[in-house]
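Biologist: I would like to learn how to read the features of a structure like this one, and I would rather go slowly, one feature at a time. Could you take me through it?

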Amino acid sequence: QADLRLFFNALPLLFVFMVPSAAMRLWAEERKTGSIELLLTLPITVCQAVLGKFFAAWCFLAIALLLTFPLPMTVVYLGQPDIGQIVTGYIGALLLAGGFLAIGMFFSALTKNQVISFILSVVACAIFVFAGNPTTLDYLALTISPAMVNVVESLSLQTHFESISRGVVEFKDMAYFIIVISAWVSACIVVLEERKAN
């Protein structure tokens, strides 16, 4: 059970690097090779192209996450863990991956360079993770009001992920991930629409 808890606690930091590496090629490579012009002349909208790439990459990450199943299976075999907590942990991990993927895809659409896309995505994802870190919050409490500290904590992906991974599935956490994913995917669509118009 402790090993499983450690696994879920390590996921946000692992995803900070893993997900942007999966997202960096989504649009940057298309723009670098010039194949984006061909893609955007197909009888599909920019929104459909973005959603298609997003869900394909999300499925790839879901498969990668699914391949970690030997760990919970071992824990179930050796002990009596809370199965519900394991399931919600994986649901939270999938939502976290979706949030990071949406951020990474946005930065991939901004630049032709995959490395720049990767670095910008890692920095943005790290900010969203460390915003909920107790050390960060303690430091911020010295300079800003408690109300603002609570706002920063509520914007952290890690805070909402930890809540779900503990087995507590609340509407506010699910809504947060849906809003984050929708907002960054929408921003990606806007960027590509602008590129298409120019």
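Modeller: What follows is a walk through burial, contacts between side chains, and the surface. Please keep in mind throughout that this is a predicted model.

Biologist: Let me start with one helix, then. How many residues does H6 have, and how far does it reach from its first C-alpha to its last?

Modeller: One reads a helix by setting its end-to-end reach beside the span expected at 1.5 Å a residue. Here H6 has 28 residues and reaches 41 Å, which is close to the expected 40 Å.

Biologist: Is H6 enclosed by the rest of the structure or open, and which number tells me?

Modeller: The idea is to count buried residues, where buried means under 20% relative accessible area. In H6, 22 of the 28 residues are buried, so the helix is largely enclosed by the rest of the structure. Isoleucine 83, which has its place in H6, is partly exposed, with a relative accessible area of 47%.

Biologist: Which residues make the nonpolar surface patch, and which helix gives the largest share of it?

Modeller: The patch is made by Val76, Ile83, Val87 and Ile91, and it covers about 300 Å². Helix H6, residues 83-110, contributes the largest share, with three residues. As a general idea, an α-helix has 3.6 residues a turn, so residues three or four places apart point the same way.

Biologist: Now the aromatic rings, please. How many aromatic pairs are there in the whole structure?

Modeller: A search of the whole structure finds eight. One of them joins phenylalanine 107 and tryptophan 184, whose ring centres lie 5.9 Å apart with 40° between the planes, so by the cut-offs of 30 and 60 degrees the pair is tilted. Phenylalanine 107 lies in helix H6 and tryptophan 184 in helix H11, residues 171-197, so the pair ties together parts that are 77 residues apart in sequence.

Biologist: Are phenylalanine 107 and tryptophan 184 buried or exposed?

Modeller: Phenylalanine 107 counts as buried at 13% relative accessibility, and tryptophan 184 also counts as buried, at 19%. A useful contrast in geometry is the pair of tyrosine 176 and phenylalanine 177, which is edge-to-face, with 5.6 Å between centres and 75° between planes. Both tyrosine 176 and phenylalanine 177 are buried. Beyond single pairs, one can follow the links from ring to ring, and here ring pairs join Phe106, Phe107, Phe128 and Trp184 into a cluster.

Biologist: Turning to charges, how many salt bridges does the structure hold, and which residue forms a salt bridge with glutamate 30?

Modeller: There is one salt bridge in the structure. Glutamate 30 forms it with lysine 53, and the closest N and O atoms are 3.0 Å apart. Glutamate 30 lies in helix H2, residues 25-33, and lysine 53 in helix H4, residues 46-66, so the bridge ties together parts that are 23 residues apart in sequence. Glutamate 30 and lysine 53 are both buried.

Biologist: Over the ring of which residue does the charged end of lysine 53 sit?

Modeller: It sits over the ring of tryptophan 27, at 5.0 Å from the ring centre. Tryptophan 27 is itself among the buried residues of H2, together with Leu26, Ala28, Glu30 and Arg31. Just after H2, glycine 34 takes a positive phi of about 85°.

Biologist: How should I relate separation in sequence to separation in space, for instance for serine 117 and serine 21?

Modeller: The two separations are best read side by side, using C-alpha atoms for the distance in space. Serine 117 and serine 21 are 96 residues apart in sequence and 9.0 Å apart in space. Serine 117 has its place in helix H7, residues 114-130, and counts as buried at 0% relative accessibility.

Biologist: And how far apart in space are phenylalanine 69 and arginine 31?

Modeller: Their C-alpha atoms are 36 Å apart, with their positions 38 residues apart in sequence. Phenylalanine 69 is found in the loop between H4 and helix H5, and at 46% relative accessibility it counts as partly exposed.

How values were computed:
Residues numbered from 1 in each chain as written. Predicted model: local features only at pLDDT ≥ 70, side-chain atom pairs only at ≥ 80, totals over all residues. Heavy atoms only, no water. Patch = residues over 30% accessible without salt bridge, like charges linked within 9 Å, V, L, I, M, F, W, Y side chains within 5 Å. Areas by Shrake-Rupley, 256 points an atom, 1.4 Å probe, with all protein chains shown as cover. Salt bridge = Lys/Arg side-chain N within 4 Å of Asp/Glu carboxyl O. Helix = DSSP H or I, 4+ residues; strand = E, 2+ residues; numbered from the N terminus. Buried < 20%, exposed > 50% of the residue type's maximum accessible area, 1.4 Å probe, protein only. Phe/Tyr/Trp six-rings, centres within 6.5 Å; stacked < 30°, edge-to-face > 60°. Lys NZ or Arg CZ within 6 Å of the ring centre and 35° of its normal. Expected span 1.5 Å × (residues − 1).
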